[in-house]
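Student: I am new to this structure and would like to learn how to read it. Could you walk me through a few features, one at a time?

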Amino acid sequence: MEEEAFTDINGKPITLDCHSHSSFCREFTVSSPKVSIGKVMVYTCSVWLLAYAVFFFTQNTAVLSSAILITLVGMMLHIHFVKVDHESLLVIGSLGIQVSSSYASGREVTTFIEMSKIKDIVINEAIYMHQIIYYLCVLLKEPFEPNEVSSVVPLFQSSKPRLGCLVKVYKSCQEILSTCQ
Amino acid sequence: MVLKIFFPQCCNRADSGLLVGRWIAGHDSAVVLAVIHYPFIPGQVKQYIQQMQAQSGVELSVLGSWSLPKEGQEGLESFLRDLSTIFPQERWLQISRQMGKTGFTCEVLSRDQSEKLNLLTFIFLSGGSARRSNEAEAKKESKDGGDGEEEAEEKVIFVHYEQRKVMLSQLHPIANENPENKSEPSTELREMFQTVAHSQPLFFLDKYDDGLLKSTHWQSEGREASIIVELMKQASVPLCIFISWLLSVWTWTCNIWIFSVFPLCFLSSILSTFIQLSYRTEHMRTLSSPKSAEGHTQFMRKANILVSVLVDVALGVFLMSWLYRDDHISMLADALVPAADHVAQQLEELLQWLMGAPAGLKMNRALDQVLGRFFLYHIHLWISYIHLMAPFIEGILWYGGLSACFGLTFALSLLSDMVALFTFHIYCFYVYGARLYCLKIYGLSSLWRLFRGKKWNVLRQRVDSCSYDLDQLFIGTLLLTILLFLLPTTALYYLVFTLLRLVIVLFQGILHLSVDFINSFPLFAAGLRVCRSYRLAEGVKFRVLCEEPGTALHLLMEINPLKFSSVVRTYRTPTYSCYPKDSWAALVKKLFIGELIYPWRHKTTKTD
């Protein structure tokens, strides 16, 4: 179980955790930085100050209660639907690949792709405005058309690690895929 | 290559015996379905397996042996090895487990050579809670298995699955159930799910059977059935036959009487109540067919229709109980005529305003007066008609409210039709205004072309230049001027009545949308997704349990249920679509030119 610190494409620190359960089963977990207290406080204070200002002019207490409600509901929606805590990739030789992301509220979204549908795992590059971004993706094929790529599933979309981290994961995956496909 | 063995969770503590299951060809995996215990006679086992194969259609075979030695049962190991000669197989699996330890050992004996293979990974597929602890025992067992002849290093994965859940679950996207269409090979998981789902006859043998064989599977503790469900199944057959007879009589009368008489057949395609009636008849016919549903899709469709009809009727009865209580009907009837009067009065005031100087615009007095008086006369006619009908309104409402006993959708369709009837004058005004405006616009565009010296070439469908005579030009320009200066008046009348018509159309549209929603929403599928989420499976998911380096790996697998949006999209009952057939841009263009708009056009379900 090795944990290493990398950075994502925006410069924020992320950690990569490689776990080898057996010679053909490995799990990679990329954890994003947590929600910072500073940002939460800034957001809450600004919303409530605004609400107080509006209340000062209109003298309507509904403004205050609605501001509180909006802040609470907004934070709950954010940690349940938006903030990704960690994303993991579990490679099981000759069975398949499982991609899962878990959100800050504990919700997990998992997809399992069978080995017969997987053509390869590659690192692609994308040009986004002034940047060139590398991302790891799984190439899928139809089971009866082995030479054509039917779709592409990008991995680690929320954490967006940089090339060093991706190369490490790529090499590990290729060891398993080359023997067990 | 890795050999995958799907092992049911219920057999984890089964007594020693033979493993019965199926080898999945092409994927190097085996599904274990049941364990047949000692003592048995091999001939009877073979006969039983052949019988089960005939009943279920699954290629069953004896996969190997399972041993969980209890006290006083030593020496079974050699007996188990000898069994491989009685049941000749390509590969013979010998799976064994020690009591109190979590690890399994497996030896795979091939027919030609006896290779001892390493056990390296266990994957547990289960839907239950994790109750195993770390075990170092498997490490020792794998090391022992490594001695002896090792010609190929083959790995074995154990996949534990919860048998009942996998049997009941349906993988999505649903594969085509047409057996002639099996062109694409099935994936491993789909084959495994289908094997377990089709092996139902194998699970009928429970421990209370006095037969010659004893087996362990998910139902071996005893088959459960509900007497109410059985009684309902028996009672539903004559009920279905009766309902389908009633429906055939009803459709025969409809076809003979309604569709042959001209005004009725035109009305029945316009009024939404009739359309809803025919749609529901179609549904009831699907429901009441005496054959049971083949396949998952048909079953879900029938169930969705049944639940939708029941909820509809329940809501309708609820509405009825509110309507007929406390004299609400007479209150409504008493409020209706003054409301119609009020609307007519508002329209008259609007027309008076238009006939003056509306919004500061200066209208052409003569045309203004003509149009205003024309519409005022129509309103006067309409009000007399409403007053004529006033005594009958309460009766109409009373009998109309009875239709809610068929369902809320009928009440809503009736309401929509009544709104259309009561605002018929607005529809007439809109048509007059639109036709007038449309004519004016066409005339203007044609005369404008003449003014510029051009002409529309019908043959080439384009604008060409044309030399006109002087008198043609003179008259044309004169007419153009007249039409142009009369344009604001007509345009204003058109605008006002189009807005009114659009408000009515919006209200009717909301009613139709809610009817459509009640008709098509798959309530049964949504309920199944909430209460028994394993039945609608999008896929599977694995989870790693605690493991130790160099020993067996424990993975937990569960069924990944389908997302709600996919449930609704897959199981929506197709309806007669009443969605707008024009896009927004086309609609605005039609409004600008003055073409009549029919935004809600019902498509029949038999679309091409």
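**Reading the two chains**

Tutor: Happily! Let us begin with domains: the domain assignment divides chain A into domain 1 (2–35 + 83–180) and domain 2 (37–81). Keep in mind that this is a predicted model.

Student: How many residues does each domain of chain A bring to the contact?

Tutor: Domain 1 of chain A gives 6 residues and domain 2 of chain A gives 6 residues. As for spacing, the C-alpha centres of these two domains are 37 Å apart.

Student: Next, the sheet. What holds strands together in general?

Tutor: Strands of a sheet pair through backbone hydrogen bonds, and the pairing can be parallel or antiparallel. Here, chain A has an open sheet of 6 strands with antiparallel pairing, in the order S1-S2-S3-S4-S5-S6. At its edges are strand S1 (2–7) and strand S6 (108–114) of chain A, each pairing on one side only. On average, neighbouring strands of this sheet are turned by 15° against each other, direction ignored.

Student: Which helix packs on that sheet?

Tutor: That is helix H3 (residues 163–180) of chain A, which touches S1, strand S2 (13–22), strand S3 (25–31) and strand S4 (84–92) of chain A. The direction of H3 makes about 165° with that of S3(A).

Student: Could we zoom in on one pair of strands?

Tutor: Of course. Strand S5 (residues 96–103) of chain A runs antiparallel to S6(A), and 7 bridges join the two.

Student: What is the bridge partner of Ser101(A) in S6(A)?

Tutor: Ser101(A) has Val109(A) as its bridge partner there.

Student: Now chain B. How do I read the packing of two helices?

Tutor: Look at the angle and the distance between axes. Helix H11 (residues 365–402) and helix H12 (residues 408–422) of chain B pack at about 170°, and their axes are 13 Å apart. With that angle, H11(B) and H12(B) are therefore roughly antiparallel to each other.

Student: Which residues make the contact?

Tutor: H11(B) supplies Trp382(B), Ile386(B), Leu397(B) and Gly400(B), while H12(B) supplies Leu414(B), Met418(B), Leu421(B) and Phe422(B). Sorted by class, this contact has 7 nonpolar residues, 1 polar residue and no charged ones.

Student: Where does UniProt place the feature "transmembrane region" in chain B?

Tutor: The unreviewed UniProt entry lists several stretches of chain B, including 370–389 and 429–451. In the model, residues 370–389 of chain B are 100% helix and 0% strand, with end C-alpha atoms 29 Å apart. Residues 429–451 of chain B are also 100% helix and 0% strand, and their end C-alpha atoms lie 32 Å apart.

Conventions
Residues are numbered from 1 along each chain as its sequence is written. Chains are lettered from A and ligands numbered from 1 in the order in which they are written. This is a predicted model: local features need pLDDT of at least 70, side-chain atom pairs count only at pLDDT 80 or more; totals for chains, interfaces and linings use all residues. Side-chain values use heavy atoms; hydrogens and water are left out. Two strands pair if DSSP finds at least two bridges between them. Helices (H or I, at least four residues) and strands (E, at least two) are DSSP runs, numbered from the N terminus. Axes are lines fitted to C-alpha atoms, for helices over the stretch in contact, and angles run from 0 to 180 degrees between N-to-C directions. Contact means heavy atoms within 4.5 Å. Angles under 35 degrees count as roughly parallel, over 145 as roughly antiparallel, 65 to 115 as roughly perpendicular and the rest as oblique. Ala, Val, Leu, Ile, Met, Phe, Trp, Tyr, Cys and Pro count as nonpolar, Asp, Glu, Lys and Arg as charged, and the others, Gly among them, as polar. UniProt positions are given in the numbering used here, feature names are shortened, and annotations may be inferred rather than shown by experiment. Domain bounds come from an automatic or database domain assignment.
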